[in-house]
Amino acid sequence: MDVFPKYQNKELKATKEAADELNQFRHDLWDVVEILESGYDCASSRRNGNVAEKCIRKGNDVYKAVVVDCGYYLLLIHFGKFSYKRR
């Protein structure tokens, strides 16, 4: 039985800080997989080649997931939520 969800045949794990952020917004790693699969690239600054930053809009909220490719697994280092204002 797999404990961690998989994305691109790699397990997705989270740092303690990222797990606390997920818990704060009442989400889990399976929600992060959904963001990675159907989200859009929303990097606000240039990142290293092994770091992916994806966002997804749900209503007026935007959820952001920042993931590092560590070779054998993916590591979630940040999960955030901010509001979207139409301009």
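This dialogue reads one helix and the cysteines of a predicted model.

Trainee: Let's start with helix H2. Which of its residues are buried?

Mentor: Helix H2 spans residues 29-38. Its buried residues are Leu-29, Val-32, Val-33, Ile-35 and Leu-36.

Trainee: Why do they line one face of the helix?

Mentor: General idea: an α-helix has 3.6 residues a turn, so residues three or four places apart point the same way. Now this case. Viewed down the axis of H2, the buried residues fall within an arc of 160 degrees, so they line one face.

Trainee: Which exposed residues does the face turned away carry?

Mentor: Trp-30 and Glu-37 sit there.

Trainee: And what covers the buried residues of H2?

Mentor: The cover includes helix H1 (16-24). It also includes strands E1 (6-7), E2 (10-14), E4 (51-58), E5 (61-69) and E6 (73-83).

Trainee: Now the cysteines. How many disulfides are there?

Mentor: To call one, look for two cysteine sulfur atoms within 2.5 Å. The count here is 1 disulfide. Cys-42 and Cys-55 form it, with their sulfur atoms 2.0 Å apart. The link is right-handed, with 70 degrees about the S-S bond. It joins distant parts of the chain, 13 residues apart. Cys-42 is in the loop between strand E3 (40-41) and E4, while Cys-55 is in strand E4.

Trainee: Are these two cysteines buried or exposed?

Mentor: Cys-42 is buried, at 15% relative accessible area. Cys-55 is buried too, at 1%.

Trainee: Why is the sulfur of Cys-70 without a bond to Cys-42?

Mentor: Distance. The closest cysteine sulfur, in Cys-42, is 19 Å away, too far for a bond. Cys-70 is partly exposed, with 34% relative accessible area.

Terms used:
Residues are numbered from 1 along each chain as its sequence is written. This is a predicted model: local features need pLDDT of at least 70, side-chain atom pairs count only at pLDDT 80 or more; totals for chains, interfaces and linings use all residues. Side-chain values use heavy atoms; hydrogens and water are left out. Buried means under 20% relative accessible area, exposed over 50%, partly exposed in between (1.4 Å probe, protein chains only). Helices (H or I, at least four residues) and strands (E, at least two) are DSSP runs, numbered from the N terminus. The arc is that of the directions from the helix axis to the C-beta atoms. Contact means heavy atoms within 4.5 Å.
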